[in-house]
Amino acid sequence: MRMSKPQALKILGTVSGTVLLLLAFQNCGQQLGEGFQIDTKSVQLNSQGNSLGNVDTGTKTPTGDGDEDLGEASTGDLCEDQLLAKFGSGYHVFLKQNCAGCHDGNHEAPAFASKNVLASYQVFKDKGYLAISNNAVSEKHNPPATGAHNNGAISSLKQEWESAQAAWLQCKGSDAQDKSIVTINKTDANIIASKANSATWTTLTWNLNTEVAANMPKFPLQMTVEAQVAKVSGNEVGYAVRNPTMSITSGTAKYRVKALFFYVNSKLLDSATVYRNINAVVCPGTPLNLAPVGNAQLLVMSPIKNTDKFALQFTSIEKAESTAKCGTGSTDTAPIDNTPATVSFAQLTATTGTLNVFRTQCFSCHTGAGANGGLDLSNYTASKNAASKILTRINDAGSPMPRSGLMSSQMRAIVEKWVTTGTPQN
């Protein structure tokens with residue numbers, strides 16, 4: 001089954017025929033609000049590739065309360081700066097007043113209410129104005145900061161923001177087009193058939209001239225990834241993929257490729273972010289490994305089946321200028337694993353330090369005789385026996401633990417390190 005164009009949007013997944021917004025609000029003691037809507041305009045804005053690493057921030061003049069002077073902030077794009085200005089005078093003011101308790105950048109929650117207006121703006125775009133607005137008026141999200149008393153303010157802010165988005169689209173013209181590319185599904189029974197041999201990887205191949213979703217651009221490119229069943233302490237937790245490699249099948253043109261994500265069974269696993277920073281130029285000749293540095297990507301899911309289908313999404317593929325330098329442009333295309341070599345249960349449950357993920361993120365529901373699901377994460381034996389299930393749930397955007405949303409990638413990496421190194425107690 002081919003995926004339609006809307007499935008190419010970076011934060012959308014399809015589960016049982018229903019389109020869901022896969023949002024990663026981090027845990028700050030509150031539940032996600034009800035009735036999320038698809039924020040296609042913000043997704044389109046997010047697909048343009050703007051990032052804080054590439055913007056010209058200019059010279060910042062602090063105000064009396066430490067806030068950044070909006071007049072000095074810039075994205076480096078005149079059209080984008082119109083949106084930034086509207087955010088700074090509208091949503092940002094509201095969010096700082098009502099959401100800074102969790103979203104000021106000093107917590108694991110997304111920092112769209114920090115004093116730095118440019119950084120807040122980028123996070124705001126990533127999360128989507130509809131999702132943030134829905135949480136702001138939710139009686140369940142984090143009362144009394146959120147609730148129906150915000151309906152009037154949020155209604156006005158949404159109207160202003162939608163007008164600003166329309167102006168942005170007019171300003172950008174053809175440059176505002178969504179450039180993401182999604183392949184068709186592929187399956188290979190050999191992945192599971194060879195799961196007993198950890199040294200065996202199965203290669204999946206896509207021809208980007210014939211095997212892309214309907215109504216998407218085609219390119220004379222071939223893409224391969226290697227996959228195998230991932231196991232933790234003998235338990236299957238999903239798939240591992242590695243060596244995303246692209247080659248040009250015909251012609252002399254060069255191609256620039258940005259950000260790689262994975263679908264499994266038509267569900268976008270946007271929590272899998274090892275390859276999101278890819279920005280490579282592929283040239284005729286030798287195939288290019290788009291991510292030569294870093295670990296394999298873990299695609300956590302359960303159960304796994306012979307019929308599991310895999311597809312790829314690129315944020316963009318475009319012809320590059322003839323003078324573009326071939327290669328990844330960096331030795332850090334895939335992030336290096338900077339977690340400790342080992343993580344112990346004692347560190348996960350410690351009262352101090354930076355590795356105490358269980359205590360800070362899980363103990364509110366999973367301690368003592370009344371622990372949710374009977375899982376007491378203050379108990380080493382119980383935690384060890386449930387290690388593979390824990391790893392699955394903390395990476396499941398559709399049914400995450402904590403229930404408020406996926407933890408940060410750094411926190412999940414800490415738990416993953418404990419699990420994959422044998423769940424040491426001390």
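A residue counts as buried when its relative accessible area is under 20%. The structure described here is a predicted model. The protein contains 12 helices and 12 strands, and buried residues make up 50% of its 426 residues. About 18900 Å² of the protein is exposed, of which carbon and sulfur atoms supply 48%. Among contacts between residues at least 6 apart in sequence, 68% join residues at least 24 apart.

Aromatic rings were examined next. A pair of aromatic rings is described by the distance of the centres and the angle of the planes. A search of the whole structure finds 12 aromatic pairs. In one of them, tyrosine 239 and phenylalanine 310 meet edge-to-face, with 4.9 Å from centre to centre and 80° between the planes. This pair links distant parts of the chain, since tyrosine 239 belongs to strand β6 (residues 235-248) and phenylalanine 310 to strand β12 (residues 310-320), 71 residues apart. Tyrosine 239 has a relative accessible area of 1% and is therefore buried. Phenylalanine 310 has a relative accessible area of 3%, so phenylalanine 310 is buried as well.

Another edge-to-face pair is formed by phenylalanine 345 and phenylalanine 358, with 6.4 Å between centres and 70° between the planes. Here the partners lie in helix α8 (residues 345-348) and helix α9 (residues 357-362), 13 residues apart. Phenylalanine 345 counts as buried because its relative accessibility is 6%; phenylalanine 358, with a relative accessible area of 1%, is also buried. Elsewhere, Phe87, Tyr91, Tyr121, Phe124 and Trp161 form one aromatic cluster.

Tyr91 also appears among the buried residues of helix α3, together with His92, Phe94, Leu95, Cys99, Cys102 and His103. These buried residues pack against four helices, namely α2 (78-89), α4 (117-127), α5 (129-136) and α6 (151-172). Helix α3 (residues 91-103) is not straight: a straight helix of 13 residues would span 18 Å at 1.5 Å a residue, but α3 spans only 13 Å between its end C-alpha atoms. A kink of about 60° is found in α3, centred on glutamine 97. After α3 comes glycine 105, which has a positive phi near 95°.

The nonpolar interior was then considered. In soluble globular proteins, nonpolar side chains tend to be buried together. The largest nonpolar core holds 47 residues, and the members that touch the most other members are Tyr239, Met246, Leu290, Phe314 and Ile317. Elements giving two or more residues to this core are β3 (181-182), α7 (190-193), β4 (202-207), β5 (221-232), β6, β7 (254-264), β9 (279-282) and β12. Strand β7 provides the largest share, eight residues. A second, separate core has 28 residues, including Val232, Val343, Tyr380 and Trp418.

Strand β6, which holds tyrosine 239, also contains threonine 245. With a relative accessible area of 18%, threonine 245 falls under the 20% limit and is therefore buried. Leaving aside residues up to four places away in sequence, threonine 245 touches Gln222, Met223, Thr224, Pro287, Leu288 and Asn289.

Terms used. Residues numbered from 1 in each chain as written. Heavy atoms only, no water. Buried < 20%, exposed > 50% of the residue type's maximum accessible area, 1.4 Å probe, protein only. Contact = heavy atoms within 4.5 Å. Areas by Shrake-Rupley, 256 points an atom, 1.4 Å probe, with all protein chains shown as cover. Phe/Tyr/Trp six-rings, centres within 6.5 Å; stacked < 30°, edge-to-face > 60°. Expected span 1.5 Å × (residues − 1). Bend = angle between axes of the 7 residues up to and from the residue. Core = buried A, V, L, I, M, F, W, Y, C linked by side-chain atoms within 4.5 Å.
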